[in-house]
Every structure is written in C-alpha cells, then in structure tokens.
Amino acid sequence: MKVESNMMKLRVILVMSVILPAATAIFVHRLSVLCGCSNSVNAETEFFVSLNQNEVLYEDFETQKQITRLPPFMGPVSVPNFYDNAVDCRQICLQKIPSVIAAAGNPAEAQVPPDFSIYTKHNVVPGEENNFICFVRNFYPPHITVNWTRNGVSVTERVYISQYSLNNDGTFDLFSTLTSSPSEGDEYSCTVEHQALDSPQTRTWDESVIPPYETPSVTPTVVFAVGIVVGIMGLFTGMLFVIKASCFR
C-alpha cells in the first residue's frame, strides 16, 4: 500500500497482484489489479488490470465501460461485473482513508520529478497517420498533466492518456499518445506539469530519437503476451473475489 499525504489531501493506492509463471522457469509474468482513490478535490479513482506493467483493460467511471488496451488484431475481451467490482473497490478504498490518516499521521510528502521523452510508433512519412508518444516515468506523487502542441498550437483531439503504472520503488509511469498525420516540417511537442518540477517542461519530437527500451522485434513478445492475457482472464475474475474476501476486510 502506497500513501501520499499532506495537510490537504491523501491518496491511498491498493495494489493486488499475482505472479504467473510461464511454461519454463525463464519467464515470469505479473498480472496486476490496481485500485486507487483520493480524497482530493478531483477525487481521482482508478481500477485497471496490467500485465508486466502494460495496460490490459481499465474501467472508465464516467461512461461505465471497460476500455481494452490490446493490439488491433485481438478480439474484444470482457470481464463480467467489472464495473460493479470497480465501484466496490472505490467505496472500500475511500472508507480506508480515515484509518490510514490516523495510522500514518502527517509525514513529509515525497516529491520525485518525472523524466520523459517523445518519439513515434512508426517511421514518419508525411501525410501518413502515426502515433506520437510521450512516455513519462519515475515520478511521485501520481497527479500529473500532459499537453500536446503541433506547430505551437494546442492539440486535444485524438489524444490518449494512460492509467498510472506503479513501479517497484513506488514511483509511477504513464504515457500519452497523439494520433496525427504529419506534414513535412511539422513540429510536435509534449509538455509535462508536475508539482516536483519548478516549471512545466517541454520535449519536442526529433526524428533521430530512439524509443526507450526498443528491442529488435516486438511482435513475438506482443503475440505471446496476448496469449497470456486471453488465458488469464478467468483467473483475474477469480482474483476479484479473493481480493474482496481477504484484502479489504
């Protein structure tokens, strides 16, 4: 359990995970269910599933829909009663905040500034649609703002911001994507605002930038991971009942 607190707000992030061994001892995969809530003004709440820190699906509380984050060649994945479990998790999480405040008191709030970079999913070809990606990593506390511009003009359409991904050291990662068809000479920039930064920081897309953690071929990994996802959806459904029965007592 990770706690963020100061005089005005406190966030409680409850993380439930299971380790899934593959057929051999070489690979170990982690399926995680993350439930997070806040008693701040925005009352932020998250409920999502990740595999090896990659989003699988999450609950959009505004639309009451499951949002799947899988490759386009995958069919739809649906977990029964996902919204109901998300609501239950939010209520239990909010109920836990007073007891966490009483136990934790008012510790000094840790602040870790984010590191981020901007790159594209594919090689850029003028006139062809592409995904510009702003990867923000290793920051705390979790609240952060990401904004896009194209040639100095703010862009909000076709922008996606991921759920928070929790690292082993308690910091967070997230990414934002802008889907666009660039023209020759276009300039794309990503600006990040965070309370650990003295001022908003901006990165501008450079065609020479290499995506972080790039591997020679990601397709086999994606296919393998998708196979795992399909196989563990039943296990995940069972996990929700275990979480309710034990973790939230």
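This tour goes through a proline in a loop and then through the salt bridges, one selection at a time. Please keep in mind throughout that the model is predicted.

**First stop: Pro126**

Begin by selecting Pro126, which you will find in the loop that runs between strand β7 (115-120) and strand β8 (130-139). Its relative accessibility is 49%, and Pro126 therefore counts as partly exposed, a class that ends at 50%. Now add Ser181 to the selection: although 55 residues separate Pro126 from Ser181 in sequence, their C-alpha atoms are 7.1 Å apart in space. If you then show Pro182 and Glu184 as well, you will have the residues that Pro126 touches once those up to four places away in sequence are left out.

**Next: the salt bridges**

Side chains of opposite charge can pair when their charged atoms come close. How many salt bridges does the count come to? The count comes to 3, and the next three selections visit them in turn.

**Second stop: Arg137 and Asp115**

Select Arg137 together with Asp115, and look at their side chains, which meet in a salt bridge with a distance of 3.4 Å from N to O. Because Arg137 belongs to strand β8 and Asp115 to strand β7, this pair ties together parts that lie 22 residues apart in sequence. Is each partner buried or partly exposed? Arg137 is buried, with a relative accessible area of 12%, whereas Asp115 is partly exposed, with a relative accessible area of 38%.

**Third stop: Arg158 and Glu129**

Move on to Arg158 and Glu129, whose side chains form a salt bridge at 3.0 Å, again taken from N to O. Here the pair links distant parts of the chain, since Arg158 sits in the loop between β10 (153-155) and β11 (159-161), while Glu129 sits in the loop between β7 and β8, 29 residues apart. With a relative accessibility of 48%, Glu129 counts as partly exposed.

**Fourth stop: Arg150 and Asp186**

Finally, select Arg150 and Asp186, where the side chains meet in a salt bridge whose N to O distance is 2.6 Å. Arg150 is part of strand β9 (residues 145-150), and Asp186 is in the loop between β13 (172-180) and β14 (188-193), so that this pair, too, links distant parts of the chain, 36 residues apart. When you compare the partners on the surface display, you will be looking at Arg150, which counts as partly exposed at 26% relative accessibility, and at Asp186, which is buried at 13% relative accessible area.

Key:
Residues are numbered from 1 along each chain as its sequence is written. This is a predicted model: local features need pLDDT of at least 70, side-chain atom pairs count only at pLDDT 80 or more; totals for chains, interfaces and linings use all residues. Side-chain values use heavy atoms; hydrogens and water are left out. Helices (H or I, at least four residues) and strands (E, at least two) are DSSP runs, numbered from the N terminus. Buried means under 20% relative accessible area, exposed over 50%, partly exposed in between (1.4 Å probe, protein chains only). Contact means heavy atoms within 4.5 Å. A salt bridge is a side-chain nitrogen of Lys or Arg within 4 Å of a carboxyl oxygen of Asp or Glu.
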